[in-house]
Structure formats: C-alpha cells, structure tokens
Amino acid sequence: VDFMRNLFSSALGLSSAAEKVLDELTLDGVARYINSGKSAGIPDFRSPETGLYANLQKYNLPYPEAIFQIDYFKKHPEPFFALARELYPGQFKPTICHYFMKMLKDKGILRRCYTQNIDTLERVAGLEGDDLIEAHGTFYTSHCVSFCCRKEYSLEWMKEKIFSDDIPKCDKCSSLVKPDIVFFGENLPARFFTSMKMDFPRCDLLIVMGTSLQVQPFASLVSRYCSSTFTFLLFGFGEGMDFDSDKAYRDVAHISTCDDGCLALADLLGWKAELEELVKKEHAKIDSQDAKEKASENKGATAKASSASAPPEPKAEE
C-alpha cells in the first residue's frame, strides 16, 4: 500500500516536499552519506561496432539474437558454444568496480547486487550466492534441457566440454546441457522476483552502473525504490530519475566508466588505497592460479606427446 501511495503521489505530483537525504547532489554528497553510517573490460551486447551482436556474422545466424534463442539453440547449439569459448569465465579478470562491490559487502553496506552479467566475475571477486541476484542467469551451473531430467552440472564440467569442442550432452539422458543463463524465450529466475519485493522497500541507496536500463524487466528495478531512497548513477541513464531539475533532491549522476567512478567514490570514502591493494592482491592470486593451470596442462600435453613418440618395446624372444 505504501509503495502504491508513493508511486501515484510521485507520478501525479501530489506528494509533499520530499525530504532531502543528501546534503549535496554530488559524488562528495554520496560519499558523506555512506560514511555517515546511515546507509545499510568485457564486451557488452548492444554497443555499435564493439558489442557482441555486431560481431556475430561468422556464425551465419538468421539474426544476431538467434544465438540466445532457446528454440534456435535446441536445433543449432554449435554457434552458442563457439561463442561460449570466447566469453567463458576465466577469460577475464574482475575489475575495480567488482572489487568495490566486495568492499561494500565486507563493510556491511551491501544488501544485494542485482546483475545482468553472466560471466560470474562478481563471484570471482568474492561475492557469494546470497549476495547476488543473477537476473539473466550464470555460467556457474548448467542443467540438462530435458524437463524430465534437469540434471545439474558444474562450471568445471561445462568448461571441459566447451574447450574440447564437444557439444555438451547429458550423461543421463543424452539431451543437450545448457549453462544456466537466461535465453530469449525463458523466464528469469524466480529469486529475482521474490528478492526484489523484499530488498527494494528496505533500500536507502541504489547504485546503478554499467547498464543502459533498456532490457525489461531488469530496467524496471529503478522504479521499485521508495521516495526516500536516492540513486547514484554511474555510466547510464534511466527513467524516473531527476538529476538537474529545480525539484531535484535525491538522485546523483556521475558520468564516467564504472571503474573510474568507483575509484573516485572510494577515494572520497577514504578507501582508495585499500581498494587498489585489494585489486592488486586478487589479480596476483588469479595470475598465479592461471600459471599453475597452464603449467599442469603443458606438462600433461608433453607427457602425451612423449608417450606417442616412444618406440614400441621389442617382443620378448620365445
């Protein structure tokens, strides 16, 4: 009832003067609010020329979005899994903004991260399942597409299949196995809808970054917060926000890259050195793990080559 009352009051201009939460509608104002204790590199899909949809000609698709159409996938899974090799988790490292979200969690400020990303980089940066609403799914788990089976498979199982050029098939029923990313024609995870009903009425700061807010129903999340919640926007625009009118009292826009914006906010919060050290330490850990895995793979390949080139043992004389 309160949500509907606030919604109609705001839409019809019937509300009384809103309380100004920030002392200043700037990045500094956001930082001071967070510090007051009152607050609880990868290609995208749609950018012209550089987005994924603009670079799919090599897959001979009937139209770009077909690569993520569930009906097309079931008949022609090859293009998706070819693309998956290029996008697979582990090909990229989390960036500053991923680790900034991890810091928000560690400092007890983060209630939830709602993401459209499917690359699992939030998990790599240290967020856990309960911290995340992966609205468009994730590569973290996979399932058999047969409704009668639905056997679950791990990230490592799927990775092995994808990089061995095998089309992943269920070892129980032989149907296709698909990563748990949401294709066109599939529903968003039920947890997306249940969580937003609980999270947004309790939210007092909504940080929006790295999205054009064009894809529904994710884009509608910005209309779910109450009038006392303020929005800090990084690199993107959305309806229902007011940054520069005479009535602006709540929303803040900082137009930059996500990493630059998070670093700037961390600096104002007094966290910049801590954030930079976290990124440095975690990237070094990832590099070390990658080096070990490559060394192990090379060792295995060398052993196989040596075994194949070794001359056959002579037969014992009778």
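Right, helix 4 and helix 7: they are roughly perpendicular to each other (65 to 115 degrees in the scheme I'm using, with under 35 called roughly parallel, over 145 roughly antiparallel and the rest oblique). Their axes come within 9 Å and cross at roughly 110°. Those axes are lines fitted to C-alpha atoms, for helices over the stretch in contact, with angles running from 0 to 180 degrees between N-to-C directions. And when I say helix or strand, I mean DSSP runs numbered from the N terminus: H or I of at least four residues for helices, E of at least two for strands.

Before I go on, the usual caveat: this is a predicted model, where local features need pLDDT of at least 70, side-chain atom pairs count only at pLDDT 80 or more, and totals for chains, interfaces and linings use all residues. Residues are numbered from 1 along each chain as its sequence is written, and side-chain values use heavy atoms, with hydrogens and water left out.

So who meets whom at that crossing? On the helix 4 side you have F81, A84 and R85, and they meet M158, I162 and F163 of helix 7, where contact is heavy atoms within 4.5 Å. By class, that's five nonpolar residues, no polar ones and one charged. For the classes, Ala, Val, Leu, Ile, Met, Phe, Trp, Tyr, Cys and Pro go in as nonpolar, Asp, Glu, Lys and Arg as charged, and the others, Gly among them, as polar.

Staying with helix 4, residues 78–87: seven of its 10 residues are buried, so that helix is mostly covered. Buried here is under 20% relative accessible area, exposed is over 50%, and partly exposed is in between, with a 1.4 Å probe and protein chains only. The buried ones are P79, F80, F81, A82, L83, A84 and L87. What's sitting on top of them? The cover includes helix 3 (70–75), strand 3 (137–144), helix 7 (155–163) and strand 5 (177–181).

Okay, next stop, the cysteines. UniProt, in an unreviewed entry, lists C144, C149, C170 and C173 under "binding site". Positions there are in the numbering used here, feature names are shortened, and annotations may be inferred rather than shown by experiment. These four are spread over 30 residues of sequence, yet they cluster in space, with a largest C-alpha distance of 8.9 Å.

Take C170 and C173. C170 lies in the loop between helix 7 and strand 5, and C173 is found in the loop between helix 7 and strand 5 as well. Buried or exposed, then, for C170? Buried, at 3% relative accessibility. C173, at 33%, counts as partly exposed. Leaving out neighbours within four places in sequence, C170 is in contact with C144, C149, K151, Y153, S175 and V177. With residues up to four places away again not counted, C173 touches C144, S146 and C149.

The unreviewed UniProt entry also has an "active site", and that's H136. You'll find H136 in the loop between strand 2 and strand 3. H136 is buried, with a relative accessible area of 16%. Beyond residues up to four places away in sequence, H136 touches T115, Q116, I118, I181, V182, V215 and F218.

Just before that loop, E134 sits in strand 2, residues 132–134. E134 is buried too, at 12%, and, not counting residues up to four places away in sequence, touches T115, R123 and P189.

Now helix 5, residues 96–106, which holds H98 and also C97. At 8%, H98 counts as buried, and C97 counts as buried at 11%. Setting aside neighbours within four places in sequence, H98 is in contact with L121, E122 and A125. With neighbours left aside in that way, C97 is in contact with M209, C258, D259 and C262. C97 and T257 are 160 residues apart along the chain, and their C-alpha atoms are separated by 9.5 Å.

Last one: helix 2 (27–35) against helix 9 (258–269), with axes that come within 9 Å and cross at roughly 55°. That makes the pair oblique to each other. The contact is made by L27, D28, V30, A31, I34 and N35 of helix 2, with A264, L265, L268 and L269 of helix 9. Those residues divide into eight nonpolar, one polar and one charged.
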